[in-house]
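Thanks for sharing this one. I have put together a few friendly remarks to read alongside the structure.

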Amino acid sequence: QVQLVESGGGLVQAGGSLRLSCAASGRIFSINAMGWYRQAPGKQRELVATITSGGSTNYADSVKGRITISRDNAKNTVYLQMNSLKPEDTAVYYCNADLKRDRYSTYTLYWGQGTQVTVSS
């Protein structure tokens, strides 16, 4: 089994910061890209940021300059440092990982359960 567990969500005032973590555990051979998505009430899930195993990053325009994605390959963990938070950043944040469970399998996308981020005005 593979599990992705997010942590670090919570309630913060506008302008504040939060750091989310997502650790992948279980039978893992290698991880390709990892990413963060979010879903606000009544809206579709949307991309926040992704990062490849080599460290290349991609960000949604709405978060550029405020949010930084990083990863620790040795710990199979991806992070999301969120600064200058706005009420519109309020959402459930989900991480994902594109990984292989063994050398013979194909890459499969796994998702975490999500962590709530609420930004008050």
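The points below cover one strand, its partners and the disulfide.

1. Please keep in mind that this is a predicted model. The remarks here describe computed features of that model.

2. A good place to begin is strand 11, which spans residues 115-120. Thr115, Val117 and Val119 turn their side chains to one face, and these three are buried. Gln116, Thr118 and Ser120 point to the other face and are not buried. This fits a general pattern: in a regular strand, side chains alternate between the two faces of the sheet.

3. Who are the neighbours of strand 11? One is strand 2 (residues 10-13), which pairs with strand 11 in the parallel sense over four bridges. If you would like a spot to look at in the viewer, find Gln13, whose bridge partner in strand 11 is Ser120.

4. Strand 9 (residues 91-100) also pairs with strand 11, here in the antiparallel sense and over three bridges. Ala91 has Val117 as its bridge partner in strand 11, and Val117 is among the buried residues of that strand.

5. Now for the cysteines: how many disulfides does the structure hold? There is one, and it joins Cys22 to Cys95 with an S to S distance of 1.9 Å. The link connects distant parts of the chain, since Cys22 lies in strand 3 (residues 18-26) and Cys95 in strand 9, 73 residues apart.

6. Two details complete the disulfide. The link of Cys22 and Cys95 is right-handed, with 50 degrees about the S-S bond. Are these cysteines buried or exposed? Both Cys22 and Cys95 are buried.

Terms used: Residues are numbered from 1 along each chain as its sequence is written. This is a predicted model: local features need pLDDT of at least 70, side-chain atom pairs count only at pLDDT 80 or more; totals for chains, interfaces and linings use all residues. Side-chain values use heavy atoms; hydrogens and water are left out. Buried means under 20% relative accessible area, exposed over 50%, partly exposed in between (1.4 Å probe, protein chains only). Helices (H or I, at least four residues) and strands (E, at least two) are DSSP runs, numbered from the N terminus. Two strands pair if DSSP finds at least two bridges between them. A disulfide is a pair of cysteine sulfur atoms within 2.5 Å.
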